[in-house]
Amino acid sequence: MSDEQPAPEGPATFREVFAQPEFRALYAASALSWTGDFIAKAAVTVLVYRSTQSVALSAAAFAVSFLPWLVGGPLLATLAERYPYRSVMVVCDLTRMVLVALIALPGLPVELILVLIFTVTLANPPSQAARSALLPLILTGDRLVVGLSVQTSTGQAAQVGGYVAGAAIAAYSPTLALLINSAAFATSAMIIRFGVRHRPAALTAERRSHLLRETAEGFRLVFGTRVLRAIAILVFSAMLFAIVPEGLAAAWAEEHGGDGPGTGLSQAMIMAANPVGFVLGGLTIGRFLRPDQRRAMIRPFAVLAPLALVPTLLDPPPAVVAGLAAVCGFCVAGLLPVANGLFVQALPHGYRARAFGVMATGVQVLQGSAVLATGVLADHYSIPLVVGMWSLAGVFLMLLAVTQWPSSEEFNTVIADAARQAPPPDEPAVDGEVPTSRAATRSGAAGQPQNASGILSGQRGGEREAGRVPVNRPPGDPRRSPDDSAGGPGGPEGHRGPPTSGAEVGRS
């Protein structure tokens, strides 16, 4: 056997990612529904305010969309495992289409509007969980990481564009903005129905238990696996500070601009800066850095993200604050899509939607808590002092988180185990593509063979023989044997030891 090490895998290209017909359909449907959703959020706040002249009720109309994640996000996301992913997304889109159209009816009482908004957003957790679980079955290896980066960046751009378009359209007619959102959901349902092929439910009938128990298994898998737990802590920590300038932008702008005409512009700059920085960072880093370089940059970017906001202690003008927030967004884009890619590859098939529910709920709760906590502090201290000290605490939190970051060998082992539990390779190919559910796939780059994880640099694809590494069956899986709990990543004993083969690749 030659001692020559394989060359580092090159980055996947956007062309390779968009060459997948199913990804194109999923991407188009997601972009439509996201943009329509943000248009509707802007329109609903205008509609409620015009009906009541109450700022509190208008804010409640915006905030109620977060409630489903807080009161039942993981439980609702678990439903996505029980049914085919395509069916879940289509049903959720059609349900939201009808409910948003009802909100557009003239003369509805505000209380009913709030109830309808809450009901609409109940469809978000299962729909988003199904999309998240489906993506690794469509894209593999570095194409998955680039695809996630494109999706996340598009979501940020849709937020900026949707709010701007929604505010403009709602100024003319909130009803028109809501009807646009309803039409977007209808179009999204059609694209998914005819652009994504049917797959059986990830959680088969014989493996089902009680819905609460299945949801709890998702929590145990995420927080009982060292690799997944480390990613969760890093992502949750990033959410604690990245959202703060956006959440305090209105008060920050008023402190500097008073009631002058520049106040609105300052607020818009601060609110848009982080998403814009994220879009630029996601596209730049995802396209021009190799997979091994992106993995190596996770820890530096994790520390640089809160560090970028520490200079707000000096009370700079809003334009400088916006620049700092954009740098923070750029750094978050350097860690979030890559960490997300590692996370979904390390998840066993049949647990992805549940794990997504755990993560999405944590992100929503922590973002809201961070804005609330810093808002309360800003009532007693200056906003620059609050944001600067909050970000400084974030630097120390990130330093602690990155010291616990697993080695590449740990990632390699857990990802390879998860790949062995992928659906059997008997699904038909689509448009000439090799079935993406196979544990061994072909890379998007010139058909180069690839190992189970697709992004594991320095490890030969054929060296991991069947049976060399025990299969990690997550908690609650009826196929789980006593051997699986002895050091398996999903078991109570924590992570498994180093791989039995493959070159040493160091720490990511």
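Let us start where helix 5 (residues 85–103) and helix 7 (residues 124–138) meet: their axes come within 9 Å and cross at roughly 145°. Here an axis is a line fitted to C-alpha atoms, for helices over the stretch in contact, and angles run from 0 to 180 degrees between N-to-C directions. The helices themselves (H or I, at least four residues) are DSSP runs, numbered from the N terminus. What you are looking at is a predicted model, in which local features need pLDDT of at least 70 and side-chain atom pairs count only at pLDDT 80 or more, while totals for chains, interfaces and linings use all residues. Residues are numbered from 1 along each chain as its sequence is written, and side-chain values use heavy atoms, with hydrogens and water left out.

Staying with this first pair, the crossing of helix 5 and helix 7 is left-handed (the near helix is turned anticlockwise from the far one by less than a right angle; clockwise would be right-handed). Helix 5 brings Tyr85, Val88, Met89, Cys92 and Arg96 to the meeting, and helix 7 brings Asn124, Pro126, Ser127, Ala130, Arg131, Ala133, Leu134 and Leu137, where contact means heavy atoms within 4.5 Å. Sorted by class, this contact of helix 5 with helix 7 has nine nonpolar, two polar and two charged residues. In this sorting Ala, Val, Leu, Ile, Met, Phe, Trp, Tyr, Cys and Pro count as nonpolar, Asp, Glu, Lys and Arg as charged, and the others, Gly among them, as polar.

Now move along to helix 8 (residues 141–172) and helix 17 (residues 318–346), whose axes come within 9 Å and cross at roughly 130°. Helix 8 and helix 17 are therefore oblique to each other (angles under 35 degrees count as roughly parallel, over 145 as roughly antiparallel, 65 to 115 as roughly perpendicular and the rest as oblique). The crossing of helix 8 and helix 17 is right-handed. On the helix 8 side the contact is made by Gly141, Leu144, Val145, Leu148 and Ser149, and on the helix 17 side by Pro337, Val338, Asn340, Gly341, Val344 and Gln345. Six nonpolar, five polar and no charged residues make up this contact of helix 8 with helix 17.

Next come the charged pairs. Side chains of opposite charge can pair when their charged atoms come close. The structure holds five salt bridges, each a side-chain nitrogen of Lys or Arg within 4 Å of a carboxyl oxygen of Asp or Glu. In one of them, glutamate 22 pairs with arginine 197, with the closest N and O atoms 3.8 Å apart. Glutamate 22 lies in helix 2 (residues 21–52) and arginine 197 in the loop between helix 9 (174–195) and helix 10 (211–224), so this pair ties together parts that are 175 residues apart in sequence. Glutamate 22 also forms a salt bridge with arginine 199, the closest N and O atoms being 2.9 Å apart. Both glutamate 22 and arginine 199 are buried, that is, under 20% relative accessible area (exposed is over 50%, partly exposed in between, with a 1.4 Å probe and protein chains only).

Elsewhere, glutamate 410 and arginine 226 meet in a salt bridge of 2.6 Å, N to O. Glutamate 410 lies in helix 20 (residues 408–420) and arginine 226 in helix 11 (residues 226–242), so the pair ties together parts that are 184 residues apart in sequence. Glutamate 410 and arginine 226 are buried.

Key: Helix = DSSP H or I, 4+ residues; strand = E, 2+ residues; numbered from the N terminus.
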